[in-house]
Each structure stands twice: as C-alpha cells, then as structure tokens.
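Reader: I have a new structure open and would like to go through it. Can we take it piece by piece?
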Amino acid sequence: MSTPEEHAPTTARQELWEGTRSMVPFLLSAIPMGLIGGVLGVTSGLSAWSTLGLAMAVNSGTAQFVGIALIEDGAGAPTIILTTLILALRMVIYSTVLTPYVKEVPQRWRVLLGFGLIDVVFFVGLEKLKNGTITRRKHLYFIGASAAMYTTWMISTVIGTALGSAIPDLADMGLDFPMTAMFVAMLAASLANWRVIAVVVTAGVTVMLARGLPYNLGIVLAALVGAVIGTACEQVEKRIGRKTEEVEA
C-alpha cells in the first residue's frame, strides 16, 4: 500500500504545481467573490485603482468587504485599520500552528508566506504537512497555492471594477448578500460549540449597546469583547477538563 510520502513532489517545479493544483477546487468560489468585491468598491465611491489597491494590500476577502463598508459609512482611517487588524487576529493562530512545520524555511520566505496565508491555503496546506505530502521545499508549495488564489482574486477584482463602472446600478441588485450568506453559513456551522455561542451572543449584545459610538467603534468594541469572552471560555473548558481527568485518575 502506497504512503503519502511516496507521492510527495520531488522537484521545485512539482512543489509549486502541487500548491497551485490544490487550490483549483477553491478558485470557483474566489472568482464571484472577487467580482463582487470589485463592483462594491467602485459603486461605494472608490476609484478602480483604489479598489484594486485595497484588494492587493489586505489580501483578504473579509477585510476587503468590511473595509469597503466602513469607507462607505465614512469611518476614519484608525477605525478601518483597527478593525482590519482585529479581523486578522486569527492569522496569529495560523502562524503559530504552522511554525513547527516550517521552522527550517528561511525568514525571508516566511515573510512572503505570511502575506499569502489565507484561510483555505492554511487548512489545505496544514493537512498536507500533517500527512507527509509536503516534505521538502515547503515554501514553494505555499507560494504556488497563494499565487493561484491571489492572482485569481485580483483578476476577478479588476473585472468587477469594470462591471461596476459600466453598470453603476449593479450594486443595488443585492450583490453584498453572498458575503452575508457566507458569514451566516460559517457561523451556523460553528454554533455546535458552546464557546462560539457565548462569543456570538456577547459580541452581538455589545454591538447593539454600543451602536451609538462614532465611526462604527461599536464593531471594534464588540470584537474585543468577543475575543475576551472566547479566551475566558477556553480557560474554563481547560480547567473543567483537568478536574475531570483528576477525578477519573
């Protein structure tokens, strides 16, 4: 019976191709979201170049959509930057998880990997690292995967800006609904975890109570409250787990 290691790429070109190939199933979802991001950017008042620049700088659909919404609402730069940083906090967890697997990769490559690390690249890449599919020149796998997603998203964004400029009323067709639906679907899938429910409830109550704060700071406050509650719930769960193990012992 063959093992994953036997099918591992052996050349630099194969490593790059393996990363690119592994992203193919996810490109179909990136294309419409990139198009929508481009349309919403120009119809929200940004120029086509600014919309593309925002997409290139943040390399995150979540940050791009939220950033456009905040700009449209007239939020200031500090609010936009702080909100983006809070949304990106999960990347700290991703990098912490990946570090043991890529510690031999030179620092200059790890910086590039960090920029290209998005959710799908992390989860697919981590699985391949765990099962031994990626064993050498690991950075090339991640570069191939990130380049495929990044290039597709930027091309889709450019096309979206062209569509938004040609058809200004396109945004009135509810194009922001797919992003909302995606967040709802992601949230619904996580609600089986009591910690997520606690975070969602407390963050939701906070954002309602703080809706009067200027520059949409209520969103930032709700995210911080949710993060604190999530951390506290995790500590409680660990403490209960330790006590249960002590009783069973």
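Reader: Let's start with glutamate 104. Is it buried, partly exposed or exposed?

Author: Glutamate 104 has a relative accessible area of 48%, so it is partly exposed. Keep in mind that this is a predicted model.

Reader: Why not simply exposed?

Author: Because exposed means over 50% relative accessible area, and glutamate 104 has 48%.

Reader: OK. What does glutamate 104 form a salt bridge with?

Author: Its partner is lysine 138, and the closest N and O atoms of the pair are 3.1 Å apart. This salt bridge links distant parts of the chain: glutamate 104 is in the loop between H6 and H7, while lysine 138 is in helix H9, residues 138-166. In sequence the two are 34 residues apart.

Reader: And lysine 138, buried or exposed?

Author: Lysine 138 is buried, at a relative accessible area of 13%. The cut-off for buried is under 20%, so 13% falls within it.

Reader: How many salt bridges are there in the structure?

Author: The structure has 3. Glu18, Arg21 and Lys128 are joined in a network of salt bridges.

Reader: Walk me through that network. How far apart are the closest N and O atoms of arginine 21 and glutamate 18?

Author: They are 2.9 Å apart in that salt bridge. Both residues are in helix H1, which covers residues 12-22. Arginine 21 and glutamate 18 are 3 residues apart there, so about one helical turn separates them.

Reader: And the link to lysine 128, what's the distance there?

Author: Glutamate 18 and lysine 128 form a salt bridge with closest N and O atoms 3.0 Å apart. That pair brings together distant parts of the chain, with glutamate 18 in helix H1 and lysine 128 in helix H8, residues 119-131. They are 110 residues apart.

Reader: Which residues of the glutamate 18 and lysine 128 pair are buried?

Author: Both glutamate 18 and lysine 128 are buried. For glutamate 18 the relative accessibility is 9%, so it counts as buried. Arginine 21 has 42% relative accessibility, so it counts as partly exposed.

Reader: Let's stay in helix H1 for a moment. What about arginine 13, buried or exposed?

Author: Arginine 13, which also lies in helix H1, has 73% relative accessibility and therefore counts as exposed. Its C-alpha is 9.4 Å from that of tyrosine 141, although the two are 128 residues apart in sequence.

Reader: Stepping back, how many helices and strands does the chain have?

Author: The protein chain has 12 helices and 0 strands. It has 249 residues, and buried residues make up 35% of them.

Reader: Next, pockets. What is the volume of the second largest one?

Author: The volume of the second largest pocket is about 660 Å³. Its lining has 27 residues, with Ala88, Met91, Gly114, Phe115 and Leu117 lying nearest the centre. Helices H3, H4, H5, H6 and H7 are the elements that each give two or more residues to the lining.

Reader: Which of them gives the most?

Author: H6 does, with 7 residues.

Reader: What kinds of residues make up that lining?

Author: The lining of the second largest pocket has 18 nonpolar, 7 polar and 2 charged residues.

Reader: Back to H6 itself. Valine 102 is in there; is it buried or exposed?

Author: Valine 102 is buried, with a relative accessible area of 7%. From valine 102 to leucine 129 the C-alpha distance is 9.3 Å, and the two are 27 residues apart in sequence.

Reader: Now the surface. Which residues form a nonpolar patch there?

Author: Ile197, Val201, Val205 and Leu209 form one, with about 380 Å² of accessible area together. Leucine 209 belongs to helix H11, residues 194-209. Leucine 209 is exposed, at a relative accessible area of 72%.

Reader: One last thing. What is the phi of asparagine 59?

Author: Asparagine 59 has a positive phi of about 45°, although it is not a glycine. Asparagine 59 sits in the loop between H3 and H4, and it is buried, with a relative accessible area of 12%.

Conventions. Residues are numbered from 1 along each chain as its sequence is written. This is a predicted model: local features need pLDDT of at least 70, side-chain atom pairs count only at pLDDT 80 or more; totals for chains, interfaces and linings use all residues. Side-chain values use heavy atoms; hydrogens and water are left out. On a 1 Å grid over the protein atoms alone, a cavity is a set of points where a 1.4 Å probe fits but cannot get out, and a pocket is an open set with protein on both sides within 12 Å along at least five of seven lines; lining residues have an atom within 4 Å of a point. Grid points are joined across faces, edges and corners, and a volume is the space filled by probe spheres set on the points. Helices (H or I, at least four residues) and strands (E, at least two) are DSSP runs, numbered from the N terminus. Ala, Val, Leu, Ile, Met, Phe, Trp, Tyr, Cys and Pro count as nonpolar, Asp, Glu, Lys and Arg as charged, and the others, Gly among them, as polar. Patches are made of residues with over 30% relative accessible area and no salt bridge: like charges are joined within 9 Å, nonpolar side chains (Val, Leu, Ile, Met, Phe, Trp, Tyr) within 5 Å. Accessible areas come from the Shrake-Rupley method with a 1.4 Å probe; for residues, only the protein chains shown count as cover. A salt bridge is a side-chain nitrogen of Lys or Arg within 4 Å of a carboxyl oxygen of Asp or Glu. Buried means under 20% relative accessible area, exposed over 50%, partly exposed in between (1.4 Å probe, protein chains only).
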